[in-house]
Amino acid sequence: MALAFVFLGVMLWRIQVVHGERYRDDELRQSVRRVRLPGMRGRLYDRHGIVLADNRPGHHIAVYLEELRRPGGWVRTVDHLELQLDTWAQELNVERELSRTDIEMHIRRRLPMPLIAWRDIDERTLGRWAERLAGIRGVDIYTEAVRVYPHNELFAHVLGYVGRADAEPDPEEPFHYYLPEMTGRSGLERRYDTLMRADAGARLVRVDAVGYRHADLAFREPGAGYDVQTTLDHRVQEAARRALEGEPGSVVVLDPRTGDVLALVSEPAFDPNAFIPAITSARWQALLDDPRRPLIHRPVAGTYAPGSIFKPVVAIAALENNLATPDAVFYCPGHFELGRARFHCWNRRGHGSLNMRQSLERSCNVYYYRLALQIGYPAIYHMARALGLGQRTGIDLDHEVSGLLPDDAWKRRTFNDAWRDGDTVNLSIGQGPITVTPLQMAVVAAALANGGPVPRPRLVRGQRPFGDGAFAPRDPEPLRPMNWSAAAIATVRGGMRDVIMGERGTARTSSLPGVVYAAKTGTAEFGPKDEGRKHAWMIAFAPYDNPRYAIALMVDDGLSGGQTAGPKVQRLLSELLQVQGGGS
Amino acid sequence: MNWSAIKWHILRQDWGLTLAMLALAVAGVSFIYSAGFQHVDLPVSAMYQRQILWVLVGLVGYITLAMTDYRQVAGAAWWIYGVSLGLLMLVLFVGRQVHGASRWLSLFNIQVQPSEFAKLGVLLVVARYWARVDLDPDHPGHLAAALALAGAPFILIARQPDLGTAMTLWAIALVIIFVGGVRFKWLLVLGLVGLLLMPVAWVSLGNYQRERIRVFLDADRDPFGAGWNKIQSQIAVGSGGLTGKGYLQGTQNVLGYLPRTVAPTDFIYSVIAEEKGFAGSATMLVLYGIILTAGIRGAWVARDRLGRYIAAGITGLIFFHVFVNVAMTIGLMPITGLPLPLMSYGGSFMVSTMLALGLLQSIIIRRGRRF
């Protein structure tokens with residue numbers, strides 16, 4: 001025991017007296033600085049390898065608080081730093097960005113990290129820095145990757161954006177030192193954050209009083225995230241956005257064979273670059289206050305009455321349950337009476353006698369009132385449910401909503417009233433309480449395109465280690481079979497074909513030369529009746545044989561499906577099929 | 001107790017023990033003040049005031065135990081042991097979590113660390129068991145029983161996880177067994193078993209514990225986390241030089257290079273070494289030397305085997321803590337989080353240490369032979 005104490009004493013003597021000089025040197029110029037080495041966040045690509053979210057180097061001016069520490073309370077260090085910041089701001093000819101609160105906040109929450117005094121400085125400031133301030137104790141340039149979205153507004157909602165990562169304060173565990181600088185805040189950036197995120201590394205350098213670096217003491221490699229290949233197609237997205245012509249609305253384009261989302265457009269959009277590194281509160285407020293609501297991701301988070309695009313669902317429900325045949329004929333005098341209530345057809349003059357295929361072509365309301373009452377609402381409900389209405393599609397986005405598919409139980413819960421024939425009549429033409437998202441209707445369009453099998457929409461098809469070779473593909477989810485009979489699906493698809501190709505199709509003016517495609521228009525009333533505002537819908541698939549595109553397009557506030565949505569789908573398809581003409 | 005009895009106690013006590021203990025406690029409070037001094041805007045500054053309170057509470061315990069016959073205290077050994085085991089179980093279920101480990105129990109708003117009192121329980125129980133008349137120190141069954149007594153709380157404390165404190169239990173038990181005259185052969189066997197168990201222990205260690213050992217073996221493995229403390233502590237100690245930078249002048253400490261959460265607790269010694277230099281840090285070692293000498297004296301002069309074993313156990317306990325902590329501070333051992341007796345901030349440990357020293361004083365006061 002005595003020996004052990006003598007040993008400790010000798011070691012102390014050795015460290016404190018023999019080598020004391022060396023340590024005192026270290027300490028005097030203290031000295032050791034922790035330098036963060038930012039990791040590389042994985043990038044987002046479209047299916048053809050075009051970069052959708054990238055990184056560029058950003059230069060910040062960072063303050064190393066430990067080197068500026070004044071003895072006594074932290075207040076004295078903060079005072080000192082404030083003076084310094086003012087001096088430096090003058091030297092660099094820039095505005096001071098940090099308030100006293102920012103500094104205090106940093107000391108409380110992120111002390112071991114460098115405090116960023118000026119974020120993302122430009123070339124001129126960088127030059128002035130090199131001239132005047134390089135080598136000053138306690139400040140240095142800190143370079144990190146800054147997120148950039150090269151297509152600006154085009155992919156705004158689906159990609160989302162990143163924000164600064166805020167670590168919980170825990171002084172005992174300096175591990176948050178390695179946390180990435182940014183985390184995904186919405187869209188794909190958020191959903192695939194753990195895949196793309198890159199932990200920071202660090203270097204321990206010994207610096208002296210004039211900032212000269214003497215030696216690297218230690219090094220920890222920064223991490224790199226995974227690059228993510230989305231299913232999006234840059235050209236399809238562009239064409240889809242162009243087709244909307246700036247009118248508020250949604251476009252969804254799916255590949256019905258796999259569920260790959262080729263385009264997901266929400267208009268109006270915003271520039272996600274405005275969120276990097278942080279959005280100003282004025283700009284944020286402007287986005288929030290905008291009556292056109294640019295922050296809503298309409299195709300997955302907006303719910304709307306479907307209107308007549310719901311009719312194919314009713315038709316297939318009737319056929320598949322053997323409650324009606326394709327030859328079922330109903331007469332349309334232009335209106336329909338149920339008890340003392342009168343329901344109109346959109347064509348007040350009446351359609352006359354129609355079979356099922358014609359009813360789709362001409363979108364006759366009365367036909368569906370009668371058909372729905374004949375087959376009963378449960379058949380419709382179950383078919384809609386099987387096609388994914390009233391539930392999330394499971395797309396890889398966090399803010400998806402389920403819409404509403406009403407049934408008897410819902411009505412009892414909500415209105416304390418039983419389901420009535422009037423409700424069935426409303427539901428048959430996609431009106432009443434039913435709401436859907438454009439994405440859900442694109443899935444329905446894909447199922448009709450496939451003649452049954454329902455795909456599950458997905459946004460990511462591959463990943464790879466940062467910048468490293470080919471993407472490892474992910475298999476799409478298997479399609480959900482519906483086992484529709486050939487006769488049933490032929491009738492419904494035929495009716496939708498006639499919408500475009502038939503002589504009396506509601507969207508015959510939207511046909512394309514040399515192309516056979518199918519669609520269904522919808523015009524859904526919303527808001528107070530006297531305002532007469534309408535959602536203009538169209539679902540479509542093309543080409544008619546072996547469809548490659550399933551589309552749902554909706555304009556928030558339009559005249560009718562045929563007049564407003566049809567020409568937009570026509571324009572979109574003309575671009576897509578031309579583009580696709582070369583093969584691929 | 002009448003006046004002459006009190007006088008008898010005062011006169012027969014080991015003055016060196018009492019004075020060295022007081023000196024260390026006073027130095028501890030002053031340097032906790034120094035470590036918290038710069039953080040007037042943080043709660044650390046109130047630490048020294050609380051530490052004074054703990055010293056006073058500890059002193060009351062010290063005097064009480066010194067006046068009490070240690071055999072009476074040992075009579076309650078099983079009670080103390082049992083209660084502390086129960087408290088340890090309680091900690092596992094309802095303990096307060098601090099940095100991923102639950103070591104504390106909340107009693108009337110006071111945080112109590114039962115593992116500190118479990119040390120006393122193990123000390124008393126093993127000593128009493130080993131002092132039994134019918135005990136054969138060479139019987140492997142008896143040896144195993146004595147080790148099992150330390151093993152139960154060891155497992156509970158290691159699960160918290162607080163491996164440093166758990167290891168002290170073995171130190172206590174082994175010292176007692178050794179002083180009790182176990183055959184060399186058995187010690188060898190124990191050593192071998194220990195060696196064989198090391199890989200098993202490595203596997204069962206928590207990740208952060210393994211990381212700490214790796215950090216130690218590979219000095220700069222995690223220089224930004226645990227390694228940072230080690231490097232900064234070494235710089236603090238080294239830059240102290242012969243006479244130090246002066247009280248409240250330690251820049252490593254005052255400027256916060258030495259993390260403020262560990263400076264008053266596990267790294268109090270490096271604060272002293274920086275501000276008082278080799279002169280100060282060696283003085284502290286001398287003071288601990290005085291206490292350990294008193295411990296050895298107690299084991300030597302004790303009137304019975306029970307007293308000898310208790311004194312030996314206390315000596316082993318103090319020595320283990322001091323050696324491991326100082327060695328860690330100057331970078332000779334991995335960072336274990338074992339505090340420095342009488343100096344590191346912490347109430348439970350202060351009180352339990354003073355209780356142990358009171359017990360030691362009681363043994364010396366009731367000594368048999370002259371020395």
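1. In this note, a residue is called buried when its relative accessible area is under 20%. By that criterion Phe541(A) is buried, and Tyr544(A) is buried as well. The model under discussion is predicted.

2. These two residues also form an aromatic pair. The ring centres of Phe541(A) and Tyr544(A) lie 6.2 Å apart with their planes at 20 degrees, so the pair counts as stacked. Across all chains, the search returns 20 aromatic pairs. Elsewhere in chain A, one aromatic cluster is made up of Tyr161(A), Phe270(A), Phe275(A) and Trp284(A).

3. Tyr544(A) has a further partner: Arg497(A) lies over the face of its ring, at 5.5 Å from the ring centre. A similar arrangement involves Phe466(A), where the charged end of Arg43(A) sits over the ring, 4.3 Å from the centre.

4. The cysteines deserve a comment. A search of the whole structure gives zero disulfides over all chains. For Cys345(A), the closest cysteine sulfur is that of Cys332(A), and a bond is ruled out because the distance of 4.0 Å is too far. Cys364(A) is likewise in no disulfide; its nearest cysteine sulfur also belongs to Cys332(A), at 3.6 Å. Both distances can be set against the cut-off of 2.5 Å for a disulfide. Cys345(A) is buried, with a relative accessible area of 2%, and for Cys364(A), also buried, the value is 0%.

5. Turning to the nonpolar interior, the largest core has 106 residues. Those with the most contacts inside this core are Trp130(B), Ile291(B), Ile310(B), Ile314(B), Met343(B) and Leu357(B). Helix α13 of chain B, residues 268–301, supplies the largest share, namely 15 residues. Apart from this core lies another, of 102 residues, whose members include Met196(A), Phe330(A), Ile429(A) and Met554(A).

6. Leu357(B) illustrates the packing of the largest core. Leaving aside residues up to four places away in sequence, Leu357(B) touches Leu17(B), Met21(B), Tyr62(B), Ile291(B), Ile314(B), Ile318(B) and Leu342(B). In general terms, nonpolar side chains tend to be buried together in soluble globular proteins.

7. A final point concerns strand β5 of chain A, residues 139–148. Seven of its 10 residues are buried, so the strand is largely enclosed by the rest of the structure. Strand β5(A) pairs with strand β3 of chain A (residues 51–63) in the antiparallel sense, over 10 bridges. Within this pairing, Ala62(A) has Asp140(A) in β5(A) as its bridge partner.

Key
Residues numbered from 1 in each chain as written. Chains lettered and ligands numbered in written order. Predicted model: local features only at pLDDT ≥ 70, side-chain atom pairs only at ≥ 80, totals over all residues. Heavy atoms only, no water. Buried < 20%, exposed > 50% of the residue type's maximum accessible area, 1.4 Å probe, protein only. Core = buried A, V, L, I, M, F, W, Y, C linked by side-chain atoms within 4.5 Å. Helix = DSSP H or I, 4+ residues; strand = E, 2+ residues; numbered from the N terminus. Contact = heavy atoms within 4.5 Å. Phe/Tyr/Trp six-rings, centres within 6.5 Å; stacked < 30°, edge-to-face > 60°. Lys NZ or Arg CZ within 6 Å of the ring centre and 35° of its normal. Pairing = 2+ DSSP bridges.
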